[in-house]
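Work through the exercises below with the sequence and the model side by side, trying each task before reading its solution.

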Amino acid sequence: MIRRIALFCLVLATPVFGQTRLNGAGATFPYPMYSKWFSEYHKLHPEVEINYQSIGSGGGIRQVLAGTVDFGASDGPMTDEQLGQAKIKILHVPTVLGAVVPAYNIPGVSGEVKFTAQVLAGIFLGRINTWNDPAIASANPGVNFPNQPIIVIHRSDGSGTTFIFTDYLSKVSPEWQSGPSKGTSVKWPVGLGGKGNEGVAGMIRQMQGSIGYIELIYAVQNKILYGEVKNSDGEFVKATLDSVRAAAASAPKMPADFRASITNAPGKDAYPISSFTWLLIPVQSPDAAKGKIMADFLTWMLDEGQKMASALTYAPLPDAVVSKVRVALRQVH
């Protein structure tokens, strides 16, 4: 008995070597995907835990610049000015493709509403403020819209989802471009703010007459209706894996630093509010062990993680992009 107690105490006193925790923070847009990846990677490597705080792209950029996290995440690429503030070179690593959708809660309307670029810009500028406005009705013949005020919901935090949506609006609306313009945070002409994709989705569900912009997976998971958007070829397109892939395929060539915008891409099948999302990776970690783990995780993400994307309504990276990212990852250590 004494021997057993002594052996048990010895086990408790023996240190566990090799436990490593990586901390990251940023975008809510890819949070469901990242949660899945970090969990699956941990199953393969129990000695590694990757902790990710879904605080919005603005927070992710701030924390990676401050060096308080091992990596950040954003749906809006860092600006040249922000990259210039970094003490260590930061690599934009595209991870998956996703879509931002106009999600709504319109009393008496249970089908898919069609949105033109002019209508979306008009709603978020406060120019179109009732659901039975002729501009909305003309794109949706046969739909009986209520004479009810439109409640606009937008993000209250610094957000890559906001960047994607306002990047799109800036391309399709000169008034938007010269007014709020694009960014992770903008001065909204109208509306109520919700924190994170989760917060905006929750407000849309609760408030009749509301419309907001959220990442596709949040609309699907919360069973919120979302509409088709008229693309640059004049086609109304719904956000799907295929239409997001079509946007990536027809968009301009991927630049060397991976900071590409694919909103309002050409092509009749392209969904116009599509985007890459990025991990923000310092190429050199202060901790060599963490740098090695990060490089290994990112390689696993390209080889195995991409296979998990479609199940969560994200589109995997195009093969040509995967090949370029694989070369870029040689810098990470």
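**Exercise 1. Sort the lining of the largest cavity by class: how many residues are nonpolar, polar and charged?**

Solution. Begin with the list: the largest cavity is lined by Asp75, Pro77, Phe163, Ile164, Asp167, Ala260, Ser261, Ile262, Thr263, Ser274, Ser275 and Trp278. Next apply the classes, in which Ala, Val, Leu, Ile, Met, Phe, Trp, Tyr, Cys and Pro count as nonpolar, Asp, Glu, Lys and Arg as charged, and the others, Gly among them, as polar. The lining then divides into 6 nonpolar, 4 polar and 2 charged residues. Helix 7 (160–172) and strand 12 are the elements that give two or more residues to this lining; helices (H or I, at least four residues) and strands (E, at least two) are DSSP runs, numbered from the N terminus.

This is a predicted model, in which local features need pLDDT of at least 70 and side-chain atom pairs count only at pLDDT 80 or more, while totals for chains, interfaces and linings use all residues. Residues are numbered from 1 along each chain as its sequence is written, and side-chain values use heavy atoms, with hydrogens and water left out.

**Exercise 2. State the volume of the largest pocket and describe its lining.**

Solution. First fix the term: on a 1 Å grid over the protein atoms alone, a cavity is a set of points where a 1.4 Å probe fits but cannot get out, whereas a pocket is an open set with protein on both sides within 12 Å along at least five of seven lines, and lining residues have an atom within 4 Å of a point. A volume is the space filled by probe spheres set on the points, which are joined across faces, edges and corners. On this basis the largest pocket has a volume of about 310 Å³. Of the 21 residues that line the largest pocket, Gly67, Val69, Ile88, Pro282 and Pro286 are the closest to its centre. Helix 3 (57–66), strand 12 and helix 12 (288–303) each supply at least two lining residues, and by class the lining has 13 nonpolar, 5 polar and 3 charged residues. For the largest cavity, the space is about 40 Å³.

**Exercise 3. Which residues have the most contacts inside the largest nonpolar core?**

Solution. A nonpolar core is a set of buried Ala, Val, Leu, Ile, Met, Phe, Trp, Tyr and Cys residues joined through side-chain atoms within 4.5 Å, where buried means under 20% relative accessible area (1.4 Å probe, protein chains only). The largest core has 110 residues, and those with the most contacts inside it are Ile123 and Phe297. Strand 4 gives the largest share of this core, 10 residues. Now place the two residues: Ile123 is one of the buried residues of helix 5, a helix (residues 117–125) in which 8 of 9 residues are buried. Phe297 touches Trp37, Phe38, Tyr41, Ile50 and Leu279, not counting residues up to four places away in sequence; contact means heavy atoms within 4.5 Å.

**Exercise 4. In which sense do strand 1 and strand 2 run, and how many bridges join them?**

Solution. Two strands pair if DSSP finds at least two bridges between them. Strand 1 (residues 20–26) and strand 2 (residues 48–54) run parallel and are joined by 7 bridges, with Arg21 opposite Glu49 in strand 2. As for burial, 5 of the 7 residues of strand 1 are buried.

Key: Buried < 20%, exposed > 50% of the residue type's maximum accessible area, 1.4 Å probe, protein only.
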